[in-house]
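Trainee: Could we go through this model together, one question at a time?
Mentor: Yes, please put your questions once the sequence and structure are in view.

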Amino acid sequence: MTTEELKAFEDEIYAYVGREVCPPTPAKDDVNVAMIRQWAEIIGDTNPAYTDADWAANSARGHTIAPPAMMYVWGQEGFAVTTGRAPDAQSDLVSLFNEHGYTGVLGTNVKQEYFKEVSPGDNVVMEMTIDNISERKTTGRGPGYFFETLATFSNQHGEKIGTQRFKVLKFIPQEQPAAVASEETLQVPTRIPSPRGHDNKWWWEACDAGKVLIQRCKSCQTLRHPPRPMCGKCQSMEWDSIESTLEGEILSHTQLHHPKIPGYQYPLVCAVIKLSEGTNFVANIVGCEPSDIHIGMKVKGAVEQVDEKTMLPQFYPA
Amino acid sequence: MSDYKTLTCADVSIGDKLPPLDIDITTGLVVCGALATRDFEPVHHSKAAAVATGLPDVFMNILTSQGLMTRYATDWSGPEAVVKSVDLRLGAPNVPGMVMTMTGEVTAIDTGSGTVDITVVGENNIWGMHMQGSVQLALPQGA
Ligand SMILES: [Zn+2]
């Protein structure tokens, strides 16, 4: 796309800012007990403010309310969407993006603010506009634009009850999404496997067999870990190994909180351990509360199966 | 009538953790959640439609995720709390067979207005972060 073409395209999309997606439209059904009960049952929400009229009568509100997260539900079009939606400014904008290669779509953020609660008998009126469109951004998914719709909700008295901002990324997909076979079952992931190369494969194979080995220089007997081809002290490439007793003490430690990586067990503490043989070793500390772990703590390791595919040394308080 | 407690600002400190909650993502929850929120987009009830978009199965709609997030907040606060806002960033889809673990923490307290902000993360055991964001609650004034 030339600079002129890009400018023409952007002029076209930015003309949508401020356009109405839907005029103020009263919900087909008033807020009602049946839809609230169904929502509460399925979401598993036992909040008596929604479904217990006796409790609510004696509460500060004096009556039941609709779950605030249902605000957008009342105005939903219904089953007709299974066969398509009537065109509006938003679908026109989406088509414009699609025609220019921005076929990817990703809802990225949704924010609802609530100003006033509603109760059975109220009616929720919704209107929506295209509020803003970002400049062209480079994203992890590909180049694209974020657009944000703003829905405003009122009750039957014209009082504003809340807003919803929904941000969508329209992008040029950088790679075809991997086809997922429908019969493929979801597998709980295992830990990220260790890369096994020429210089460390032997170490991991011993670990698979339940042993932690420490490399030893054949010339000067210096121990080294992690495995590498040459002795740092005498530059000899000749080596053998000894088996560690897995006794040691903690030199430093850290706890991984966020983001949680699927396949790992939490709490997840990583420590640098000084083994009694003298080399340092990085491993997880298990079998105690993270708050009990301290520098200088004596630990004892064991090679254990931590998931379906992985044998790893883990260390416990000694 | 059951006795329900509601927290006040005096009961809450920054850094307080909400008890974790595991949600089994079942076909029933995905499909019925879509129905309860009147979201009839085929990807939430038709496996064929979901597979056509590259996913292995039907996936949870946003309105159900929002519902679970507010439920998680008010399960902790008690029923007299008023939800003021729910702000969430969307991550990986929730697909049947997964388990989503929700965790939360109090990050701000405004005793003047009686509001508390909690951050909430919902992570599933296969693909990781499903949603992450914050809920603001107005708590009743202490007695
Ligand atoms: Zn040497």
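Trainee: How much area do chain A and chain B bury between them?
Mentor: This is a predicted model, in which local features need pLDDT (the predictor's confidence in each residue, from 0 to 100) of at least 70 and side-chain atom pairs count only at pLDDT 80 or more, while totals for chains, interfaces and linings use all residues. Residues are numbered from 1 along each chain as its sequence is written, chains are lettered from A and ligands numbered from 1 in the order in which they are written, and side-chain values use heavy atoms, with hydrogens and water left out. Buried area is the accessible area (1.4 Å probe) that two parts lose on being put together, summed over both; of that area, 59% is on carbon and sulfur atoms, and the total is about 4400 Å².

Trainee: Which residues of chain A lose the most area to chain B?
Mentor: The contact (heavy atoms within 4.5 Å) takes 53 residues from chain A and 54 residues from chain B. Three residues together account for 14% of what the chain A side buries, and they are Ile43(A), Trp55(A) and Leu186(A).

Trainee: Which residue of chain A forms a salt bridge with Glu41(B)?
Mentor: A salt bridge is a side-chain nitrogen of Lys or Arg within 4 Å of a carboxyl oxygen of Asp or Glu, and the count between chain A and chain B is one. Salt bridges that share partners also join Glu41(B) and its partner with Glu77(A) into one network. The closest N and O atoms of the bridge between the chains are 2.8 Å apart, and the partner of Glu41(B) is Arg85(A).

Trainee: What is the mean pLDDT of helix 1 of chain B?
Mentor: Chain B averages a pLDDT of 94, and 98% of the residues score at least 70. Helices (H or I, at least four residues) and strands (E, at least two) are DSSP runs, numbered from the N terminus. Among the elements of chain B, helix 2 (residues 47-52) has the lowest mean, 90, and helix 1 (residues 27-36) has the highest, 98.

Trainee: Which helix of chain A helps to cover the buried residues of helix 1 of chain B?
Mentor: Buried means under 20% relative accessible area, exposed over 50% and partly exposed in between (1.4 Å probe, protein chains only), and the buried residues of helix 1 of chain B include Leu29(B), Val30(B) and Val31(B). Their cover includes strand 1 (17-24) and helix 3 (62-77) of chain B, together with, from chain A, helix 2 (33-43).

Trainee: What is the geometry of the zinc ion's site?
Mentor: Donors are N, O and S atoms within 2.8 Å of the metal (3.2 Å for Na, K and Ca), and here they are the SG atoms of Cys217(A), Cys220(A), Cys231(A) and Cys234(A), at 2.3 Å. In sequence these donor residues are spaced C-x2-C-x10-C-x2-C. Four donors count as tetrahedral if all angles lie between 85 and 135 degrees; with angles of 100 to 115° among the four donor atoms, the site is tetrahedral.

Trainee: Is Arg61(A) buried or exposed?
Mentor: Arg61(A) forms a salt bridge with Glu117(A), the closest N and O atoms being 2.7 Å apart. Because Arg61(A) lies in the loop between helix 4 (53-57) and helix 5 (89-99) of chain A and Glu117(A) in the loop between strand 2 (104-114) and strand 3 (125-133), the pair ties together parts 56 residues apart in sequence. Glu117(A), at 28% relative accessibility, counts as partly exposed, whereas Arg61(A), at 17%, counts as buried.

Conventions
Tetrahedral: all angles 85-135°; square planar, octahedral: opposite > 155°, others 65-115°.
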